[in-house]
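Colleague: Please take a close look at one part of this model, the early part of the chain, and tell me how it is packed. I would also like the cut-off behind each term, and some packing from later in the chain to set beside it.

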Amino acid sequence: MIMMLFSHHMWYWLDVYIAKTAREFLESPERAVLQDETWLKSLVDNVQAMYIERLARHTFIAAAYGITVCHREHTITLDPRQSPRTKQTSCIVSSVIEIIQGWLQFPTHCNARAQAWFVHVIITQFDINLLYLDHICTTYNNAVKNLFRRGTWHLDSFSCLKPVIDAAPDHPLFDTTSEETKRVKDLGRIIDDFVSGKFPSRPQGNSESAINPNTVQLPQSLQNVAEDRIAVFKSFIRHSMNFVLSLSMQGVPSSLITKFTRFSDKSIPFRELAPSRSRFKGPDGPFAPDVVQTTKGIFSALVWCGITFTAPFSLDHGTVMVFDSAVHFEQVCTGKHKGKPANFFCNTSAYGMHNPHRKVPLAHTYWASLKGNVWPDFVGNRVVPFKECYFFFRNRGKPGAKAFPNIGPLTSYLLAADLVYAGVVERPSVQDVACIIREVDKGPIAALEGLGLVTRQTADSKPNLSQCQAALEYVYGVVCEVVPEEHRETLYVDYIMLEHSLCKFSRATKGGWLQS
């Protein structure tokens, strides 16, 4: 019953209170904004601006509105054939509800909402104690089956409520003076006191282990260690932000400044501000709007990620960044850069571990795999789902032969991430990023382990997926604590940036860069 009531209150808050308040903000600008409504007013204003400016897509991040209990984001996509202004208020309210529903992860199946409103009918039209009746679940199932079949209401089927109405008078809870009713009300008062903070959230002494043997109060010394680890991560993000935004460098370790200055691509946690990334997403690079959806555009991106990444070749500002074919790429290598050693073109340790298979001839395989408009046909006139793009690079090819050799899970993810910022691919969810970093099992997972946020059952196993997701959500909140709201857009603070920052933090801690 407690779960049913909780569901009812949550949906009532969303469908009634949020909808009513949002509509009042839109229709009555003079309405006073209460202190606990400022976040909602900001959200309504931003959604309204999206409709007025006719933006096709926008991502709303919960933390940007001061909602720190969850660190999620939700993307709204508008139909170009936008509703007429007469219906715009309803559309804005619906979008606000959709965003909050996404942030708080309300169930998406229609039955969840139907159950909440069924409970509402029982409470308002009959009595809350009817929820204890044995017939209540059968009644609910009958109501859903009859009222919502084929997606329409059938008011004549309210006769399905008859069993519960008939049974109600004989049930002890229907009698407000019965012992059963008294005990239920006592239980309710205990729950209210617990929620309001009158009772401690965790019993003390031996009773704690009796209630939940898995709940352990960490010794203060261990709590201090955990807090110290997070503090180190916060300082890394803060120092990095101050460096890239040319803010105060006071207190930044000299070793970290040296890494940022000499090896920016491998050390700065804000991936979109790294030198090579800034160059390749520019107007002359493969991610330019008029190039990224072409065969030569994606071929050049593959060359950059799979062959030349962080090598001197990719950082030479006199070298073209878009290649018309594998032959053209080879001509650039043997022409302007004739006689240069292999490590000028390929950094075999670009992603950390040494990879001897990173070689210039891979370009011919990439080009052959892309012939026949493979990429333009795959993208089409849509924004590609992140996981679909990821698997495009991972799985293409004939059995036993990869279409894009040397493009493994990590590089496939990085390519898909680059294409997010180019507007070709949807932004990944936190679940997507958690799934991929768990599969790759490199720097970000090592960083989360070092922070004490994920663990392994055995040395050879991988952390639990839900544990990885929860850890990412927590660390995202930590980043938002450090980076002021006015800098988050400049620094591209999102879950892609978070994966990148964890990777760089892992390197920084292993390399001792954070020591003064």
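Modeller: What follows begins with the basis of the values, then treats the early part in detail, and ends with the later packing.

The model is a predicted one, in which local features need pLDDT of at least 70 and side-chain atom pairs count only at pLDDT 80 or more, while totals for chains, interfaces and linings use all residues. Residues are numbered from 1 along each chain as its sequence is written, and side-chain values use heavy atoms, with hydrogens and water left out.

For the chain as a whole, there are 25 helices and 2 strands, where helices (H or I, at least four residues) and strands (E, at least two) are DSSP runs numbered from the N terminus. Of the 516 residues in the chain, 43% are buried, buried being under 20% relative accessible area, exposed over 50% and partly exposed in between, with a 1.4 Å probe and protein chains only. Among the contacts (heavy atoms within 4.5 Å) with a separation of 6 or more, 64% join residues 24 or more positions apart.

In the early part, helix α1 (residues 2-27) holds D15, and T21 also lies in α1. D15 counts as buried because its relative accessibility is 18%. Apart from residues up to four places away in sequence, D15 touches I97, R113 and W117. D15 and Q101 are 86 residues apart in sequence, yet their C-alpha atoms are 10.0 Å apart in space. T21 has a relative accessible area of 2% and is therefore buried; leaving aside neighbours within four places in sequence, T21 is in contact with R31, E37 and L40.

L40 carries the account on into helix α2. With a relative accessible area of 1%, L40 is buried, and beyond its neighbours within four places in sequence L40 is in contact with I18, T21, F25, V96 and I100. One of these, F25, is 15 residues from L40 in sequence and 9.3 Å from L40 in space, C-alpha to C-alpha.

Helix α2 (residues 38-52) packs with helix α3 (residues 88-103) at an angle of about 125 degrees, the axes being 10 Å apart. That angle makes α2 oblique to α3, since angles under 35 degrees count as roughly parallel, over 145 as roughly antiparallel, 65 to 115 as roughly perpendicular and the rest as oblique. Here axes are lines fitted to C-alpha atoms, for helices over the stretch in contact, and angles run from 0 to 180 degrees between N-to-C directions. The crossing of α2 past α3 is right-handed; a crossing is right-handed if the near helix is turned clockwise from the far one by less than a right angle, and left-handed if anticlockwise. On the α2 side the residues that meet α3 are W39, L40, L43, V44, V47, Q48, Y51 and I52, and on the α3 side they are Q88, C91, I92, S95, V96, I99, I100 and W103. By class this contact has 13 nonpolar, 3 polar and no charged residues, with Ala, Val, Leu, Ile, Met, Phe, Trp, Tyr, Cys and Pro counted as nonpolar, Asp, Glu, Lys and Arg as charged, and the others, Gly among them, as polar.

To set beside this, the axes of helix α21 (residues 430-440) and helix α23 (residues 465-482) come within 9 Å and cross at roughly 120 degrees, and α21 and α23 are therefore oblique to each other. Their crossing is right-handed. V430, Q431, V433, A434, C435, I437 and R438 of α21 meet L465, C468, Q469, L472 and E473 of α23, a contact that divides into 8 nonpolar, 2 polar and 2 charged residues.

Helix α19 (residues 386-395) has F386, C389, Y390, F392 and F393 as its buried residues. They lie on the same side of α19 because they cover an arc of only 150 degrees around the axis, an arc being that of the directions from the helix axis to the C-beta atoms. The buried residues of α19 pack against α13, α18, α20 (409-421) and α21.
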